[in-house]
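Q: Hey, I've got a protein model open and I'm a bit lost. Can you walk me through it?
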Amino acid sequence: MGPSVHRSGRTLVAAGDLLRALAAPVRIAIVLELRVADRCVHELVDALGVAQPLISQHLRVLKSAGVVRGERHGREVVYRLVDEHLSHIVVDAVAHAEEG
């Protein structure tokens with residue numbers, strides 16, 4: 001194994017924080033929705049059938065983990081994924097679960 005296998009403790013902690021932020025069914029569902037298109041809270045509420053306060057709480061977790069970014073458009077905030085890598089983690093995990 002080459003030197004790229006060794007990562008700093010800070011990097012591993014950050015990766016763990018990211019995986020923890022993704023480790024909730026509703027947050028996984030939010031990421032899958034945002035892969036398709038940017039969404040505002042009420043669109044996520046409608047798509048996922050989850051109460052608005054809960055969606056907002058999960059979005060806060062994803063936002064603080066750097067998974068999603070919110071942008072104000074008038075009275076609404078539109079959420080988008082920060083980058084594609086994050087959605088691949090979720091898609092791969094879902095695909096793996098479906099295989100089992």
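A: Sure, one term to start: contact means heavy atoms within 4.5 Å. This is a predicted model, where local features need pLDDT of at least 70, side-chain atom pairs count only at pLDDT 80 or more, and totals for chains, interfaces and linings use all residues. Residues are numbered from 1 along each chain as its sequence is written, and side-chain values use heavy atoms, with hydrogens and water left out.

Q: OK, so which residues is Ile30 in contact with, leaving aside its neighbours within four places in sequence?
A: Leu44, Leu48, Ile55, His58, Leu59 and Leu62.

Q: Cool. And where do H3 and H4 meet?
A: On the H3 side you've got Val41, Leu44, Val45 and Leu48, and they meet Gln52, Ile55, Ser56 and Leu59 in H4. Helices here are DSSP runs of H or I with at least four residues, strands are E runs of at least two, and both are numbered from the N terminus.

Q: How do the axes of H3 and H4 cross?
A: They come within 9 Å and cross at roughly 115°. Axes are lines fitted to C-alpha atoms, for helices over the stretch in contact, and angles run from 0 to 180 degrees between N-to-C directions. So H3 and H4 are roughly perpendicular to each other (under 35 degrees is roughly parallel, over 145 roughly antiparallel, 65 to 115 roughly perpendicular, the rest oblique).

Q: Switching topic: what order do the strands take in the sheet?
A: S1-S3-S2, in an open sheet with antiparallel pairing. Two strands pair if DSSP finds at least two bridges between them.

Q: And what stands opposite Arg39?
A: Tyr79 in S3. H4 packs on the sheet too, touching S2 and S3.
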